[in-house]
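Me: I would like to go through the terms used for this model and see what each rests on. Please set the values against the definitions.

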Protein chains: 2
Amino acid sequence: MRTTTHPFASPSLAHGRGGDGFDGWLLRRLAGRMAPAPLRFALGSVVVGPPGAGAVATLRFRDRRAILGLIRSPELHFGDAFAEGRIEVDGDLVAALEHAYRALESHDHVPTRARLRSWRWHSLRRSRSNVHHHYDLGNDFYRLWLDEQLVYTCAYFASPEVSLEEAQVAKMDHVCRKLGLRPGETVVEAGCGWGALALHMARRYGVRVLACNLSREQIRSARERADREGLADRVEFLEDDYRRLDRRCDVFVSVGMLEHVGRRSYGELADVIRRCLDPERGRGLLHFIGRDRPRPLNAWITERIFPGAYAPALEEALEGVLVPARQSVLDVENLRRHYELTLRHWRERYERAVTDGRVGFDERFRRIWRLYLAGSEAAFRMGSLQLFQVTFAPHGSNGIPWTRAGLYDAEAGSSWNTPTS
Amino acid sequence: MRTTTHPFASPSLAHGRGGDGFDGWLLRRLAGRMAPAPLRFALGSVVVGPPGAGAVATLRFRDRRAILGLIRSPELHFGDAFAEGRIEVDGDLVAALEHAYRALESHDHVPTRARLRSWRWHSLRRSRSNVHHHYDLGNDFYRLWLDEQLVYTCAYFASPEVSLEEAQVAKMDHVCRKLGLRPGETVVEAGCGWGALALHMARRYGVRVLACNLSREQIRSARERADREGLADRVEFLEDDYRRLDRRCDVFVSVGMLEHVGRRSYGELADVIRRCLDPERGRGLLHFIGRDRPRPLNAWITERIFPGAYAPALEEALEGVLVPARQSVLDVENLRRHYELTLRHWRERYERAVTDGRVGFDERFRRIWRLYLAGSEAAFRMGSLQLFQVTFAPHGSNGIPWTRAGLYDAEAGSSWNTPTS
């Protein structure tokens, strides 16, 4: 019994203490593991945790196995048990996850570099299968809860009241301004989703874009849209791996792909950037989910949602990609709270669609997506995940902006054209 | 003979080829080492290198020993020989150094982490002596060429035409806005120079500041200024090492000190930040000279100008200081071109003071400072050195700005007060 080390397993805070037998003991062990998260844990009539408003939610278990699994391997098992309905969460799911993650993080040790070295190898074939797993669920599904342009990455909210639609357009403009796009320039985009950014760049900034993606469904949809909008002559969508890119360009951009690259392939991404980017005029941007320090991603996410994904600490992205690519970091912006808000929009739309019976698939699928969206929102909210936009230019290039003021001045536009002499 | 590998040692470009004997051979070896820098090399009447306007400068040697030293150990020996007048540079000194650095960099190998591990230990005593070496030359000397407030770090030029005086005030405001200072808050400043920033923060933003510095001359001058301006009750200047700071504060700031910390002491700086910064409301800023990748600083600089100095790659500052301090990076801005321009102002003022006979000391001292200022300008110009401002807050803190727009909107001021819910 660990009654002295955590408040929720102590007699004063635990309900049903005394006479609750093995189930009570199990729940108190779990509560200890999750301390000091303000959560209640229940199995049948046995309840452990703070009473009344002292808890943000109650985790209700269907059977003892669900509790045992959670004590052993909380991240992975919680996801699986939640998906199967063996755990129900009564109350605020996002808040419950936020507190649970915080508790787990505080008990966790910082992994050593050595431990983190056990990454998977991302062959071209495995990358394709990883991408297929998540992104080829059918565009109709994503249309239910993404914005109208299907942008599946963090938006940029000039202020929190802005709509998701506006914020996704603002994000694309923010990226384009950071890159200082000039008409007639060439852009290579690695990992283009449904093509929204590539089309936006061509339409609004007059550039030519080569954009690649491994998802067949996404590429097909992107090509259709390019045809429909008369942009097919300026945007080329390639169903291929970023590693095969070798076209010289003025601008390299990748939004939401680095998470899927796998650390063993960082050097290959560095080679692509170095090979593609013009050493005099070039510049680039990486937009990715990161961490404050190196640590493995949530086990359930990497097993069930994004196979092989990894969110690097900023230092890992620099050491692994931008330093070997011989790039100079010009600007880093952390948009963590913007991803939290983006996810809140997605989750609310998703839940409306579930309620209205518009989400097909089975109950298990719907619960998986509920947890994935709520858990991601919680992770950005409590700082387990970060969102970095890193702007860079080749080492020694003086074709760089004088200040960042142009990013915030709609009239002035980009400041990439100011003095270079 | 390496006539096929570099143009300047080839017969078509070299003057005085044939019959110039050992001196010509030596100069051609040196030219090969420095290829493809557009430089001429001369000893007596023997000249090697491109004729006429093909070269930006001529390096004129007093004796063969100067050439041999340069071939053996270019960085350290050039500085020493220049200081002693055994090398003269006819032409544009900054451009000559820029091209020379670029040539050396292109021949150089990227140092491994292992090689870089041979850092010096920075004891409290050695740190004091290192600081004394450079900063206690007498305030009158620095008054000759710094701005009126004696700010000896990179300025922020809203546009390149702005005066140095304005740009130093703008830099201090830029830092204060990044930190979102609020009246009544407490600030700890590690390495405060002559106190300009500490006094600026107290005067304009109504905060209380504890600022430390190892330089006795600088601290004395800062205290006098605080008294004169009636700020002594709000700004405390401490003649001490940053490692002894242990006062809880809302804001931690350090401008131009990390370069002197020494990598073996990064963990101690991390401890100071973690110990001092309020985990809920805290935020901080590090402003430092950095690199695009880990490599040793110019040998002459670390031997003769800043003993024990090291300019870290961004990844080293993160891994060494901010990750162990459990901080989250919010914003990184690279102000490299601003330091180039700052140095141009300093150099021009310095040279005017030399011409007018206002710089005391001996000829050797004056040449050392000429080279140091010109070489630094060249290094920032060609990207050997970077200037990073990194804004951070404790891991998981949601008391962070919503966007960076407030930095660029004089009316709106800081955006640190926008939504945190």
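The exchange below takes up the two chains, their interface, two helix pairs and a sheet.

Reply: One point at the outset: this is a predicted model.

Me: What makes the relation between chain A and chain B that of a two-fold rotation axis?

Reply: Chain B is laid on chain A by a turn of 180° with a shift of 0.0 Å along the axis, and the RMSD is 0.0 Å. The two copies are therefore related as by a two-fold rotation axis.

Me: How do you know that the copies meet through the same surface?

Reply: Of the interface residues of chain B, 100% are also interface residues in chain A, so the same surface serves in both copies. Contact here requires C-beta atoms within 7 Å; 30 residues of chain B are in contact with 31 residues of chain A. On the side of chain B that touches chain A, helix H14 (314–322) and strand S10 (327–334) of chain B each supply at least two residues. S10(B) gives the largest share, seven residues. By class, that side of chain B has 14 nonpolar, seven polar and nine charged residues.

Me: Why are S10 of chain A and S10(B) called paired strands?

Reply: Pairing calls for at least two bridges between two strands. Strand S10 (residues 327–334) of chain A and S10(B) have three bridges, in the antiparallel sense, so the criterion of at least two is met. Within this pairing, A:Glu333 stands opposite B:Asp331 in S10(B).

Me: Why is H2(A) called roughly antiparallel to H3(A)?

Reply: The axes of helix H2 (residues 64–72) and helix H3 (residues 74–83) of chain A come within 6 Å and cross at roughly 150°. Angles over 145 degrees count as roughly antiparallel, and H2(A) is therefore roughly antiparallel to H3(A). The crossing of H2(A) with H3(A) is left-handed. H2(A) contributes A:Ala66, A:Gly69, A:Leu70 and A:Arg72 to the contact, and H3(A) contributes A:Pro74, A:His77, A:Phe78 and A:Ala81. These residues comprise five nonpolar, two polar and one charged.

Me: Why, in contrast, is H4(B) called oblique to H16(B)?

Reply: Helix H4 (residues 93–107) and helix H16 (residues 363–381) of chain B pack at about 55°, with their axes 8 Å apart. Angles under 35 degrees count as roughly parallel and those from 65 to 115 as roughly perpendicular, while the rest between these ranges are oblique. H4(B) is therefore oblique to H16(B). Their crossing is right-handed. Among the contact residues are B:Leu97 and B:Tyr101 of H4(B) and B:Ala374 and B:Ala378 of H16(B). The contact has seven nonpolar, one polar and three charged residues.

Me: What makes S2 and S4 of chain A the edges of their sheet?

Reply: The open sheet has four strands in the order S2-S1-S3-S4 (chain A), with mixed pairing. Strand S2 (46–48) and strand S4 (87–91) each have a single partner strand, so one side of each is left without a neighbour in the sheet. The twist averages 20° from one strand to the next.

Me: How do you know that S1 and S3 of chain A are paired?

Reply: Five bridges join strand S1 (residues 39–43) of chain A to strand S3 (residues 57–61) of chain A, and the two run parallel. Since at least two bridges are required, the strands count as paired. A:Phe41 stands opposite A:Leu59 in S3(A). Helix H1 (residues 21–34) of chain A packs on the sheet and touches S1 and S2 of chain A; the direction of H1 makes about 25° with that of S2(A).

Definitions and conventions:
Residues numbered from 1 in each chain as written. Chains lettered and ligands numbered in written order. Predicted model: local features only at pLDDT ≥ 70, side-chain atom pairs only at ≥ 80, totals over all residues. Least-squares fit on C-alpha atoms with pLDDT ≥ 70 in both. Contact = placed C-beta atoms within 7 Å. Nonpolar A, V, L, I, M, F, W, Y, C, P; charged D, E, K, R; others polar. Axes fitted to C-alpha atoms, helices over the stretch in contact; angles between N-to-C directions. Left-handed = near helix turned anticlockwise from the far one by under 90°.
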